[in-house]
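Reader: Got a minute to go through a model with me? Put it up and let's start with the aromatics.

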Amino acid sequence: MRAVQIVDLSGPSSALAQVDIPEPEPSHMLTPGSGVLIDVRAAGVAFPEVLQTRGEYQMKPPLPFVPGTEVAGVVRSAPDGSELSEGDRVAAACLLGGFAEVAVAPDFLTFPLSDGLDFAQGGGLIMNYHTAYFSLKMRGRLAEGETVLVHGGAGGIGTATIQVAKGLGARTIAVVSSDEKEQVARDAGADEVVRSDGPWKDEAKELSGGGVDVLIDPVGGDRFTDSLRSLAEGGRLVVVGFTGGSIPEVRVNRLLLNNTAVVGAGWGAYVMGKPEVNREIGAEVNRLVEDGFVRPIVGGRFPLEQASDALELIDGRGATGKVVLDVQVT
Ligand SMILES: NC(=O)c1ccc[n+]([C@@H]2O[C@H](COP(=O)([O-])OP(=O)(O)OC[C@H]3O[C@@H](n4cnc5c(N)ncnc54)[C@H](OP(=O)(O)O)[C@@H]3O)[C@@H](O)[C@H]2O)c1
């Protein structure tokens, strides 16, 4: 089968190679001896793959390896006892191996793909939307009628957070860095958009009538203290990622003074061993798809052979929505 491997750790422009390798067996590292084999139509691309080309991601498989955290495609075979069968359209988190014509995923991380979404959208569904639901609801305890602020509002996590928050009955404020990204956040459904190079903290406080209830932060870096200051009393800042580069530190007296909380949200680490939680999140996300709230925004689309262009787009902060590789084109 055709696949793309990471062959060295020289970065996104040079670390990838196109290869012809044997198809995987229906066995996944999380469920040895068992797995769903998927004919891959689209593979999602995200920050972890960029980090993997530099050896900077927590998961460091021996070289060479096929990256690719998530895919959408058609089931070729499913293990005994699975609710899936051959021919089903699915979205799946395979963790590795997605940049290939055939991938294998654990049954508990493979979900039916709604007819309302195409394969490219399906390639952007799991990591961002499951993380968004997990961060907002399970970690941020979001309640209907509350206000959510999200940094990187035009990115993969950002656009997903806007849509899931809307579906959960919240009001949304997106923080973005450019006109183009402002439009993407609005297209995703943001109620308000403010600029990261402007007085976003004061604007957010004003727009929310005193402070936001939940702040989803995939960026971190030096805006963190202003993020804490933009919370309402009882507000929750949910730490999701660090695209801004540096990992912020909290002066905990700020939390005491304003009765606020900083909460970590590591979706992958939490759900990997919890099939029932995965099913719950998958069902909720699919309900939001059916209700019309969730429509992944595909901002960049490349053939498999141009995977390095896709990674460079993300690395250069040029990506909006979800970046996707078209793999098997029918
Ligand atoms: N915790 C979890 O379970 C989990 C799950 C999935 C992903 N993540 C993490 O979440 C983060 C965001 O992922 P994503 O897929 O949303 O990425 P993305 O689509 O590339 O979006 C990230 C956003 O970060 C902003 N940003 C600010 N400073 C930046 C910089 N120096 N370089 C690049 N971007 C910068 C950009 O928005 P502006 O230009 O508008 O500022 C960009 O749109 C990543 O760190 C990823 O690893 C965490």
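Author: Sure. Phe-134 is buried, as its relative accessible area is 2% (buried is under 20%, exposed over 50%, partly exposed in between, with a 1.4 Å probe and protein chains only). Bear in mind that this is a predicted model: local features need pLDDT of at least 70, side-chain atom pairs count only at pLDDT 80 or more, and totals for chains, interfaces and linings use all residues. Residues are numbered from 1 along each chain as its sequence is written, and side-chain values use heavy atoms, leaving out hydrogens and water.

Reader: And Tyr-270, buried or partly exposed?

Author: Tyr-270 is partly exposed, at 36%.

Reader: How are the rings of Phe-134 and Tyr-270 arranged?

Author: Their centres are 5.1 Å apart and the planes sit at 35 degrees, so the pair is tilted (ring centres within 6.5 Å make a pair; planes under 30 degrees apart are stacked, over 60 edge-to-face, the rest tilted).

Reader: OK, switching to the ligand. Which residues come nearest?

Author: Ile-157, Ser-177, Lys-181, Ala-265 and Trp-267, out of 22 around the ligand (those with a heavy atom within 4 Å).

Reader: What polar contacts does the ligand have with Gly-156 and Thr-243?

Author: Taking N or O pairs within 3.5 Å, a backbone N or O atom of Gly-156 is 2.8 Å from a ligand oxygen. For Thr-243, a side-chain N or O atom lies 2.9 Å from an oxygen of the ligand.

Reader: How much of the ligand's accessible area does the protein cover?

Author: 87% of the 920 Å² that the ligand has on its own (Shrake-Rupley method, 1.4 Å probe).

Definitions and conventions. Polar contact = N/O pair within 3.5 Å; in protein donor to acceptor, adjacent residues only side chain to side chain. Phe/Tyr/Trp six-rings, centres within 6.5 Å; stacked < 30°, edge-to-face > 60°.
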